[in-house]
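Here is a friendly walk through one protein model, best read with the structure open beside you. We will go from its sheets to its metal site and then to a charged side chain.

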Amino acid sequence: MQKALKRELLAPLLLTSLALTPGARALDVAGMDPSVHSGDDFFRYANGGWLKTTEIPPDRSTLGSFSMLEEKVSERTVALMREAAASGKSAPPEAGRVGAYYAAFMDENSIEEKGLAPLRAELDAIAAIGDKAALATVLGSELRADVDALNNTNFHTDRLFGLWAAPDFADPAHYVAYLLQGGLGMPDRDDYTNTDEKSVALQDKYKAHVVSVLRLAKVPDAEARGARIYDLERAIAEVHVSRTDSVDVNKANNPWPLAEFPKRAPGLDWARYFAAADLSEQPKIIVWHPTAVTGIAALVGEKPLNVWKDYLTFHAIDRASPLLPRAFAEERFQFYGTALVGARQQRDRWKRAVAATNAALGDAVGRMYVQRHLPPEAKAQAQEMVRNIVAAFRRRIDTLDWMSAATRAKAKAKVESLYVGIGYPERWRDYSGLTIERGDALGNQQRSELFDYRRSLARLGKGVDKSEWSMTPQTVNAVNLPLQNALNFPAAILNPPFFDPAADPAQNYGAIGSVIGHEISHSFDDQGSLFDADGRLANWWTPEDFAHFRAAADRLAAQYDAYEPLPGLHVNGKLTLSENIADVAGISAAYDGYRAASGDSRGAGAGGFTHDQLFFLGFGQVWRSQARPEALRSILMTNGHAPGEFRADTVRNVDAWYAAFDVGPGRRLYLAPEARIRVW
Ligand SMILES: [Zn+2]
């Protein structure tokens, strides 16, 4: 469905604009609505044609530039994986692993035939647990590097705890182990503790899911065991730290000497746990969630051994279900797909296979991807843009009136040491030693998780590579890595509508350039102010700087609070503030960078637009998106980003936009010069 939608709507439009206006390539002229004045509703001026002719596919709740490009990248990626799978034994080792991983995931017959056999060893080890000491050993052997507190922000693991190997808060030149809370099947503690009707219904569905999984695995007495497993998880949830506290890095810097764990968190046999997790040699571990680690360790001591064994059995099966026979995979989707997030049907198996192969062998796939889909000239062009935008940001810091001289010096040091990765990492991850076999889908996943864990262990205490990436090249996204003072812009986002080497540069600066500026500015906002030029956790702002920043920020929050996308439901200016600041800063720095690079930009550009108009239209079309009312409601209530419409409309804070489209007083988006927000 999505495939057809893309082909029908996007490709022909691209051809139309190519034929008519060679230099305006990637700007979707037909997707605009010239009957709307840009000064009244910039989002609809840039995207109204697309909004009128495009419907959200039935299996989606939102549709926009990011998801449409993701779809295209998935199609490219699966083609590479299928080629690798077809070349069989003749393929080079990395491609061989990719092909075998993909093929094994797709081989449903083999998965069906094997039943639970691939899980037998793990289930037997759990069944053999005879006392709490042996329990600690099994729990430790299950620890994996499956969380990420700051880069890709993933706080959830259904294993008892999660490990993150990252630069040390106090010594960012070296890697250290961070230990995060875990142990829940549902995503968050609130899912267990909320008492509203919807949450209670979800809790009942989860309880039923636990029982169904045990029944499918022919575990006797499933009903009673399921109830006890749920009670244990509920107790774990009660000692968990909330999401709001989890993202507060000032609460996370708790280095515990290894020897002190038994005293600070009694109940779990830590010596055995760390021995099984291969962590005994570490002098310290940073405990991200100290109260949760203490609470969970106490539960290991208090709750009966048999309940823990049932709990481990359930999670071993539940976690493996996507790669177990269809009945298990379907049961898992019914809960995690339908009950939890409202999806009506499973994604096509090939899409799940692409995601799984990317998760296991991301760099091997990424290497194939960039060879085929990222021409060196495109990378060079994007790098040139980054240089110009970073330089523009540096000039903005020079001329800021609210920043003290001492803080300004620190900000400039931070710009100087910023590492920006474009397209793909300078060094690829080496997968030699990882065995991937056709016909062993679950084994492949388990071996790659263990391989990844050992790779994390191997770097503890070693020097940090600032140029290391935390996203694969085939990800449509961009990321700021605060502990490395680094940015990653993967190859996959260097595509229309974000970037096109053949497009007018003004348009590229407005589109990907503003995304680049957005990510740079995160290094210098309220979050960025907590990490210094080396990535050390050390606030480099004075209270006065913070007060000035806050004053501008409050006015921007008020601007967003005024938007009312659904009757009675406004954008939450506070919730979305950091991202809105980054948008204003990003488009401003991108505009400066483009002006510096191209000299006089007021002349005629491609397709009858001026260069400045192309810049802002490039920006406006990046935020092309629509959402069903239910989804819009949920975005407005919980998402840290404002809906795309209002991100596009932030052009009203930029002086050059008024001149570019001749927007004067009286237009709906008009702001008097003193009402326009300039944070940077
Ligand atoms: Zn952001």
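## Sheets, a zinc site and a lysine

In this predicted model, four strands make up an open sheet with mixed pairing, arranged in the order 2-3-5-4. The edges are taken by strand 2 (161-167) and strand 4 (255-257); each has a single partner strand, so one side of each is left without a neighbour in the sheet. From one strand to the next, the twist averages 35°.

Within this sheet, strand 3 and strand 5 run in the parallel sense and are joined over two bridges. If you would like a landmark for that pairing, look for Leu179, which stands opposite Val287 in strand 5.

Another parallel pairing brings together strand 6 and strand 8, this time over five bridges. Here Gly421 has Asn488 of strand 8 as its bridge partner. How many of the five residues of strand 6 are buried? Four of them are, so strand 6 is largely enclosed by the rest of the structure.

The two parallel pairings can be set out like this:

| Strands | Residues | Bridges |
|---|---|---|
| Strand 3 and strand 5 | 175-181 and 284-287 | two bridges |
| Strand 6 and strand 8 | 419-423 and 486-490 | five bridges |

Now to the metal. Which residues are the protein donors of the zinc ion? They are His518 and His522, each through NE2, and Glu579 through OE, at 2.0 to 2.1 Å from the ion. Along the chain, these donors follow the spacing H-x3-H-x56-E. His522 belongs to helix 21 (residues 505-522) and Glu579 to helix 23 (residues 577-598), so this pair ties together parts that are 57 residues apart in sequence. His522 is buried, with a relative accessible area of 15%. Glu579 also counts as buried, at 15% relative accessibility.

Finally, have a look at Lys414, which is found in helix 19 (residues 405-416). Lys414 is buried yet has no salt bridge. Its nearest side chain of opposite charge is Asp532, 7.1 Å away, whereas a salt bridge would need the charged atoms to be within 4 Å. What does Lys414 touch, leaving aside residues up to four places away in sequence? Its contacts are Asn485, Ser523, Phe524, Gly528, Phe531, Asp532, Ala533 and Trp540. Asp532 thus appears both in this contact list and as the nearest side chain of opposite charge.

Notes. Residues are numbered from 1 along each chain as its sequence is written. This is a predicted model: local features need pLDDT of at least 70, side-chain atom pairs count only at pLDDT 80 or more; totals for chains, interfaces and linings use all residues. Side-chain values use heavy atoms; hydrogens and water are left out. Buried means under 20% relative accessible area, exposed over 50%, partly exposed in between (1.4 Å probe, protein chains only). Lys and Arg count as positive and Asp and Glu as negative; His and the chain ends are not counted. Contact means heavy atoms within 4.5 Å. Donors are N, O and S atoms within 2.8 Å of the metal (3.2 Å for Na, K and Ca); water is not among the atoms, so sites may look incomplete. Two strands pair if DSSP finds at least two bridges between them. Axes are lines fitted to C-alpha atoms, for helices over the stretch in contact, and angles run from 0 to 180 degrees between N-to-C directions.
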